[in-house]
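Thanks for coming. I will go through one structure today, mostly its helix packing, and you can follow along on the screen.

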Amino acid sequence: MQTQDSTAATTGTAATTGTAAVTTGAGTVLCEDGLRRPPWAARDPLLREYYDTEWGMPVRDEAGLFERLVLEGFQSGLSWVTILRKRPAFREAFAGFSPDAVAGFGDADVARLMADERIVRNRRKIDAAVTNARAVIALRTEGGLGELIWSYRPEQTPQPRTMDEVPSRSPESEALAKDLKRRGFSFVGPVTVFALMEAIGVVDTHLTDSHRRGSSGVWTRETVT
């Protein structure tokens, strides 16, 4: 998720998107189940499930990374919960996010996607998904998308106590965005890339007293508190 929601900012970028009216500087919310979550994950059941089970957990496989990269691009300017609700339709429309399948999309496929009311019908974003699928395939000769993205894991991860302490970009996301663009990817600015890095566990931006802090196994509780 990114922070380009009109009413909120994601985890500085990724996390808070999709929430409506996140208070600036807010810390975690004590939910009815006794667990602490950031405000964006405490408001909507779908976001809560995503936060508790998926967001921030390591993703290294090519198709999984491609899916998240595409969805982060589609989320730009929208709320993350909108993308989550459309995710099953996106998966169907984009052939399960198989890079090989999407790379082969032609004009007829683009027309089909533009007519599909279940997804976000944005021609630039659709074109970017096809372009990025082809770039993913080209990367296979150099170790693959996972190796490239994870090579930008920083030595330390942020330690935000409140939402306004969560960064929206980092030196690593800026460098990775440039690297991806150099390799033919599009819709991969440093904010979008940082959101991706948060979502797949490359960095841990869970608030320090969240019940999910340090849960990824990438960053142990000793290194993130």
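A salt bridge here is a side-chain nitrogen of Lys or Arg within 4 Å of a carboxyl oxygen of Asp or Glu. With that rule, 20 salt bridges are counted. One pair to look at is Arg91 and Glu67, whose side chains form a salt bridge with an N to O distance of 2.9 Å. This pair links distant parts of the chain: Arg91 sits in helix 4, residues 80-93, and Glu67 in helix 3, with their positions 24 residues apart in the numbering.

Before the packing, a word on confidence. This is a predicted model. The average pLDDT for the protein is 89, and 87% of the residues score at least 70. The stretch to be careful with is residues 3-24, where pLDDT stays under 50. The model still has 87 contacts for that stretch beyond four places in sequence. Where pLDDT is low, the predicted coordinates should not be read in detail.

Now the helix pairs. Two packed helices are described by the angle between their axes and the distance between the axes.

Take helix 3 first, residues 62-75, against helix 10, residues 190-199. Their axes come within 10 Å and cross at roughly 135 degrees, so helix 3 is oblique to helix 10. The crossing of helix 3 with helix 10 is right-handed. On the helix 3 side the contact involves Arg68, Leu69, Glu72 and Gly73, and on the helix 10 side Thr192, Ala195, Leu196 and Ala199. By class, the residues of this contact are four nonpolar, two polar and two charged.

Helix 3 also packs on helix 7, residues 123-139, at an angle of about 155 degrees with the axes 10 Å apart. Helix 3 is therefore roughly antiparallel to helix 7. This crossing, too, is right-handed. From helix 3 we have Glu62, Phe66, Leu69, Val70, Gly73 and Phe74; they meet Lys125, Ile126, Ala129, Asn132, Ala133 and Val136 of helix 7. The split for the contact of helix 3 with helix 7 is eight nonpolar, two polar and two charged. Leu69 and Gly73 appear in the contact with helix 10 and again in the contact with helix 7.

The last pair brings us back to helix 4. Which way does helix 2 run relative to helix 4? The axes of helix 2, residues 45-53, and helix 4 come within 10 Å and cross at roughly 85 degrees, which means helix 2 is roughly perpendicular to helix 4. Leu46, Leu47 and Tyr50 of helix 2 make the contact with Trp80, Val81, Leu84, Arg85 and Arg87 of helix 4. Those residues divide into six nonpolar, no polar and two charged.

How values were computed. Residues are numbered from 1 along each chain as its sequence is written. This is a predicted model: local features need pLDDT of at least 70, side-chain atom pairs count only at pLDDT 80 or more; totals for chains, interfaces and linings use all residues. Side-chain values use heavy atoms; hydrogens and water are left out. Axes are lines fitted to C-alpha atoms, for helices over the stretch in contact, and angles run from 0 to 180 degrees between N-to-C directions. Helices (H or I, at least four residues) and strands (E, at least two) are DSSP runs, numbered from the N terminus. Angles under 35 degrees count as roughly parallel, over 145 as roughly antiparallel, 65 to 115 as roughly perpendicular and the rest as oblique. A crossing is left-handed if the near helix is turned anticlockwise from the far one by less than a right angle, and right-handed if clockwise. Contact means heavy atoms within 4.5 Å. Ala, Val, Leu, Ile, Met, Phe, Trp, Tyr, Cys and Pro count as nonpolar, Asp, Glu, Lys and Arg as charged, and the others, Gly among them, as polar. pLDDT is the predictor's confidence in each residue, from 0 to 100.
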